[in-house]
Amino acid sequence: MTYYVNEMSWTEFDERRKSAKTVIIPSGACEVYGPHNPMGADILVAKKMSELLAEKVNGIVAPCLEIGQSKTLTSFPGTICIGSDLLKGVYAQIISEFVRLGFTRFFVINNHLGNTPPLTEVLWDAQQKYGIKYGQVGFWQYLPVITDQLGIWDTPKPHAHASEAQTSVLLYLYPELVHMEKAVNTPFKPDNYPGIIKDIPYCKQTDSGLLGDATKATAEKGKIAVETALEAMAKYIQEQLEK
C-alpha cells in the first residue's frame, strides 16, 4: 500500500481520506552535500521519513518541491535553489488544496534549515485562516534533541552539514547513494565573532562541501536515529494533532 498521494488513483485517495487524519509534507533541497552524498539528500530523507511516519500513523504524504531556499550554497556546482516567496506560495497552495479536500491536520518534515522560516510563516498563516492543527520539525536540527542523550555519536560536531549524523541517516535509508570511500573530515574554521550572522560564502568555510567528520558515519547509527525520531514524531501526531 502506498502512502504517497501522487501514487494513488483518485478512487484510492477518496477511500483513504475517510480514515487518514494527517497530511505529512516533506520539504528539502537540492544542494551540495559533500563529495560522498547525493545532492538530493535533504529531500530524499524528508520523503522517506514522511513515508515511514505515514505508515505509523495512517497518514498521507503530500507532493512536495524537490528544491529549497539554498542561496548560501550556490557557490558549489549543482546546487539549485528558489526564493522564499515562491517556496511559501507553493506550500501555502498545497495546504489550501488539502484543506479543500477535507484535511485539517498537517505535519511537516523539513530537512533544510533555509526552508524553516518560510514554512513556519505558511503554517501559522494557515492556522489563522483555516484553523488547522500542525507540527513541524527541522529534521536535522531535531536529531540532536532526540539522539544526543543516546551516546551514539563519536565526533565533536556530529550534526554539522553532511557530517556524521546526516551521513549515517543516509547510509541507513539510501546506502546505494552514499560513497563512503569519498567521505572526508573537514575541520571547522575558527569563528572570531560567534552569534553574529555573517556574509561568508559556504565555499569559504569548506572546500569539500561538508563540515565536520563524515568518516565516522555508519548505517547502524542512522538506524537508531531514524527509529528514535519516528517514535517521537508519531507520538506527537497521535497525542497532539489527532486527539
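Okay, let's start in the middle of things, with helix α6: its buried residues are covered by a set of elements that includes α2, α5, β6 (212-213) and α8. One word of caution before we go on: this is a predicted model.

So how many of the ten residues of α6 are buried? Nine of them are, so the helix is largely enclosed by the rest of the structure. If you want to find them on the screen, the buried ones are Glu164, Ala165, Gln166, Thr167, Ser168, Val169, Leu170, Leu171 and Leu173.

Now, α6 brings us to the core. The largest nonpolar core has 43 residues. Two or more of its residues come from each of α2 (41-57), β3 (105-110), α5 (139-147), α6 (164-173) and α8 (219-241). Which members touch the most other members? Those are Met49, Leu53, Ile109, Phe139 and Met233.

Let's zoom in on Met49. If we skip its neighbours within four places in sequence, Met49 is in contact with Ile109, Phe139, Leu173, Val226, Ala229, Leu230 and Met233. Leu173 is a name you've just heard, as one of the buried residues of α6. And there's a second core lying apart from this one, with 23 residues, including Val5, Met8, Ala20 and Val122.

On to the pocket. The largest one has a volume of about 1200 Å³. It is lined by 33 residues, and the ones closest to its centre are Thr72, Leu113, Tyr202, Gln205 and Leu211. Which element gives the most to that lining? It's α7, with three residues. Helix α7 covers 202-205, and both α7 and α5 supply at least two lining residues. You'll remember α5 from the core, where it also gives two or more residues.

Next up, charges. How many salt bridges does the structure hold? The count is 14. I'll walk you through a few of them.

Take Lys47 and Glu66 to begin with. Their closest N and O atoms are 3.0 Å apart. Lys47 sits in helix α2, while Glu66 is in the loop between β2 (60-61) and α3 (84-100), so this pair ties together parts that are 19 residues apart in sequence. Both ends are partly exposed: Lys47 has a relative accessible area of 25%, and Glu66 has 42%.

Then there's helix α3, where we stay inside one element. Arg100 and Glu97 form a salt bridge, with the closest N and O atoms 2.7 Å apart. They are three residues apart in α3, so about one helical turn separates them. Arg100 is exposed, at 57% relative accessible area, and Glu97 is partly exposed, at 32%.

Also in α3 we have Lys88 and Asp85, again three residues apart, about one turn of the helix. Their side chains meet in a salt bridge at 4.0 Å, N to O. Is Asp85 buried or exposed? It counts as exposed, at 61% relative accessibility. This pair doesn't stand alone, either: Asp85, Lys88 and Glu121 are linked in a network of salt bridges.

While we're on lysines, have a look at Lys129. You'll find it in helix α4, residues 116-130. Lys129 is exposed, with a relative accessible area of 63%. Compare its position with Phe106: the two are 23 residues apart in sequence and 14 Å apart in space, C-alpha to C-alpha.

Last topic, the cysteines. How many disulfides do we get? The count comes to zero. Why is Cys30 without a bond? The closest cysteine sulfur to its own is in Cys81, and that is 10 Å away, too far for a bond. The cut-off here is 2.5 Å between the sulfur atoms. Cys203 has the closest cysteine sulfur in Cys81 too, at 14 Å, and so that is also too far. As for their surroundings, Cys30 is buried, with a relative accessible area of 18%, whereas Cys203 is partly exposed, at 35%.

To pull it together, then: we have a 43-residue core with Met49 among its best-connected members, a pocket of about 1200 Å³, 14 salt bridges and zero disulfides. And where we came in, α6 has nine of its ten residues buried. That's it from me.

Terms used: Residues are numbered from 1 along each chain as its sequence is written. This is a predicted model: local features need pLDDT of at least 70, side-chain atom pairs count only at pLDDT 80 or more; totals for chains, interfaces and linings use all residues. Side-chain values use heavy atoms; hydrogens and water are left out. A nonpolar core is a set of buried Ala, Val, Leu, Ile, Met, Phe, Trp, Tyr and Cys residues joined through side-chain atoms within 4.5 Å. Buried means under 20% relative accessible area, exposed over 50%, partly exposed in between (1.4 Å probe, protein chains only). Helices (H or I, at least four residues) and strands (E, at least two) are DSSP runs, numbered from the N terminus. Contact means heavy atoms within 4.5 Å. On a 1 Å grid over the protein atoms alone, a cavity is a set of points where a 1.4 Å probe fits but cannot get out, and a pocket is an open set with protein on both sides within 12 Å along at least five of seven lines; lining residues have an atom within 4 Å of a point. Grid points are joined across faces, edges and corners, and a volume is the space filled by probe spheres set on the points.
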